[in-house]
Amino acid sequence: MYGHGRNPAQVVVVSNRGAYTFQEGHDQLITRRTVGGLASAVEPVLTAHGGTWISWCGRIDNTGKDRGVKLGIPPGEPRYHIQEVFLSAEEHDNYYHGFCNACLWPLCHQLPERCSFKKAYWDAYRRVNQKFAHITLEAKKEIYWIHDFHLALVPQLLRHQSPGATIAFFWHIPFPPADLFQILPWGRQIIYGLLGSDLIAFHTSRYVQNFLDTVACYYPARIYPEQGLIRLRNRRILVQALPVGINCHRFEQLAADPAVRARAEEIRKSLGAEKVLLGIDRMDYTKGIPERIRAMAYFLEKCPEYRGRVTLLQIAVPSRNGIGEYGALKQEVERIVGEINGRYDQMYGAVPVRYRHQSLDQAELVAHYLAADVLLVTALRDGLNLVAKEFVASRIDGKGVLILSPFAGAAQELHGALLANPFEPAHLAAKIKIALEMPFQEQKSRLESLRRIVKSRDVRWWWQNNLKLVKSLGSGLTPAAINAANL
């Protein structure tokens with residue numbers, strides 16, 4: 001599905017986590033496939049065309065080694081290689097839990113009050129980025145494709161050692177407004193690191209503009225916002241909005257599978273509700289899970305005729321276990337669920353909220369999408385949100401309504417969704433009522449529009465445009481020619 005006529009240049013993909021984790025078993029290495037948007041979006045490139053994926057695979061090593069094994073993937077029938085990067089316990093704590101998740105993550109999601117700016121975090125971040133860059137340079141491929149905020153210093157580190165390298169960077173989370181980004185004590189260094197790239201891509205035009213504004217705060221660059229172009233020190237850097245797509249064909253296949261459809265019916269019957277609302281999110285404070293449940297309470301308060309008839313099924317996927325505030329969030333969600341069920345549960349009929357703290361495989365995920373009447377995506381801030389796209393791709397029956405936060409990047413693409421402010425329970429509750437009462441013909445019309453968007457910008461569109469752009473830059477084409485040819 002993903003190949004095309006000629007063989008493109010082999011790619012080195014560099015990211016904090018990859019498509020597999022490694023674990024030591026009895027005299028053998030156990031490989032496990034990871035579930036996540038990055039793995040499903042990027043792996044098809046390497047599977048189709050070969051290359052190397054450099055990533056931390058989950059193993060801690062305190063012996064001072066930089067790297068672990070280099071392994072053919074998938075085992076037994078290798079299509080590409082994973083080069084494992086080792087982190088020490090101190091690096092994992094200060095780089096990953098510290099700088100990435102307690103500093104950059106809340107800052108970029110515009111929650112500065114949650115940020116912790118510690119020099120030990122920054123020092124570990126620099127060391128780990130240097131480690132990744134050193135290992136990457138040894139791979140010696142034609143294109144380096146680096147992913148996400150964990151490795152923002154890597155492009156410039158590669159550029160210093162290999163000035164002629166072709167380097168692309170994709171930033172997967174929101175990029176905040178310039179005045180907020182400048183809170184970061186090491187903001188200039190992060191921007192300098194990113195400017196080692198030939199191409200820097202984000203999910204939305206808003207993030208592109210925020211980034212360009214931030215560059216202008218730190219460096220005397222010539223910036224051309226219409227072209228998404230930066231000229232700095234005889235180099236030009238293209239900055240573009242290229243929202244990640246999904247493998248629509250795979251979701252349609254699963255949605256048509258009789259076993260998946262039977263499972264969807266089973267899920268629906270087990271809930272005992274006339275109408276099913278669905279939320280599927282990582283357990284993260286940016287996803288708006290408490291806000292969604294409070295809006296459900298508001299809805300049942302104002303629309304008592306729906307009590308006992310409608311259920312919100314909330315799947316919270318475990319995330320960042322061991323970080324205190326994530327445990328606190330889990331406790332808060334469980335408390336709110338208990339309160340609403342205690343207040344609005346009827347003697348007979350559907351329970352207001354069914355809450356499950358678990359992961360789902362892809363087939364089970366699609367079964368849940370099919371079991372629902374309404375999907376609620378109520379992120380307080382989200383880089384994109386692939387769950388919204390997966391739901392749309394799965395609803396081949398023309399039924400179902402998507403309620404989407406305007407603060408999710410996907411809202412800039414998915415025209416046809418009902419937009420609802422998660423910070424305002426009354427507004428979200430009103431949209432829930434509209435969604436539950438929406439005539440089938442309107443559901444169908446909205447879904448057809450949404451499906452056209454999701455199918456036209458699928459995962460293949462995404463990676464081909466990223467790689468075409470960076471290769472065109474390497475060939476010396478003008479920005480206008482690049483844009484005309486590729487976007």
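## Gly-68 and its surroundings

Gly-68 touches Gln-83, Glu-84 and Phe-86, leaving aside residues up to four places away in sequence. The model is a predicted one. Gly-68 belongs to strand β5. With a relative accessible area of 22%, Gly-68 is partly exposed, because the buried class covers values under 20%. Ile-82 follows at a distance of 14 residues in sequence, and the C-alpha atoms of Gly-68 and Ile-82 are 9.9 Å apart in space.

Glu-84, one of the residues touched by Gly-68, also takes part in a network of salt bridges. The network links Glu-24, Arg-59 and Glu-84.

## A cis peptide bond after β5

Strand β5 covers residues 67-73, and strand β6 covers residues 80-87. Pro-74 sits in the loop between these two strands. The peptide bond that runs from Ile-73 to Pro-74 is cis, and its omega is near -5 degrees.

## Two residues with positive phi

Gln-110 is not a glycine, yet its phi is positive, at about 60 degrees. The residue lies in the loop between α2 (89-108) and α3 (119-137). Gln-110 has a relative accessibility of 28% and counts as partly exposed.

Arg-233 is another non-glycine residue with a positive phi, here near 50 degrees. Its place is the loop between β11 (229-232) and β12 (235-241). At 59% relative accessibility, Arg-233 counts as exposed, since the exposed class begins over 50%.

## Salt bridges

How many salt bridges does the count come to? The total is 27. Three pairs are described here.

Asp-373 forms a salt bridge with Arg-268, and the closest N and O atoms of the pair are 2.9 Å apart. Asp-373 lies in the loop between α12 (362-371) and β16, while Arg-268 lies in helix α9 (residues 258-271), so the salt bridge ties together parts that are 105 residues apart in sequence. Asp-373 is buried, with a relative accessible area of 19%. The cut-off for that class is under 20%.

A second pair, Arg-335 and Glu-339, lies within one helix. The closest N and O atoms of this salt bridge are 2.9 Å apart. Arg-335 and Glu-339 are four residues apart in helix α11 (residues 324-344), which means that about one helical turn separates them. Arg-335 is partly exposed at 43% relative accessibility, and Glu-339 is partly exposed at 38%.

The third pair is Arg-395 and Asp-397, with the closest N and O atoms 3.1 Å apart. Are these two residues buried, or are they partly exposed? Arg-395 is buried, with a relative accessible area of 3%. Asp-397 counts as partly exposed, at 26% relative accessibility.

## The second largest pocket

The second largest pocket holds about 280 Å³ of space. It is lined by 19 residues, and those closest to its centre are Leu-370, Asp-373, Arg-395, Asp-397 and Lys-399. Among them, Asp-373 forms the salt bridge with Arg-268, and Arg-395 forms the one with Asp-397.

The elements that give two or more residues to the lining of this pocket are α9, α12, α14 and α15 (440-456). Which element provides the largest share of the lining of the second largest pocket? Helix α9 does, with four residues. Arg-268, the salt bridge partner of Asp-373, lies in helix α9.

## Helix α14

Helix α14 is one of the elements that contribute to the lining of the second largest pocket. The helix has 12 residues (residues 425-436), and at 1.5 Å a residue these should span 16 Å. The C-alpha atoms at the two ends are 16 Å apart, which agrees with the expected span.

The buried residues of α14 are Leu-428, Ala-429, Lys-431, Ile-432, Ala-435 and Leu-436. Around the axis they cover an arc of only 160 degrees, so they are on the same side of α14. What covers these buried residues includes the helix α10 (289-302) and the strands β13 (275-282), β14 (310-317), β16 (374-377), β17 (401-404) and β18 (418-419). Strand β16 is also one end of the loop that holds Asp-373.

Definitions and conventions. Residues are numbered from 1 along each chain as its sequence is written. This is a predicted model: local features need pLDDT of at least 70, side-chain atom pairs count only at pLDDT 80 or more; totals for chains, interfaces and linings use all residues. Side-chain values use heavy atoms; hydrogens and water are left out. The expected span of a helix is 1.5 Å times one less than its number of residues. Buried means under 20% relative accessible area, exposed over 50%, partly exposed in between (1.4 Å probe, protein chains only). The arc is that of the directions from the helix axis to the C-beta atoms. Contact means heavy atoms within 4.5 Å. A salt bridge is a side-chain nitrogen of Lys or Arg within 4 Å of a carboxyl oxygen of Asp or Glu. On a 1 Å grid over the protein atoms alone, a cavity is a set of points where a 1.4 Å probe fits but cannot get out, and a pocket is an open set with protein on both sides within 12 Å along at least five of seven lines; lining residues have an atom within 4 Å of a point. Grid points are joined across faces, edges and corners, and a volume is the space filled by probe spheres set on the points.
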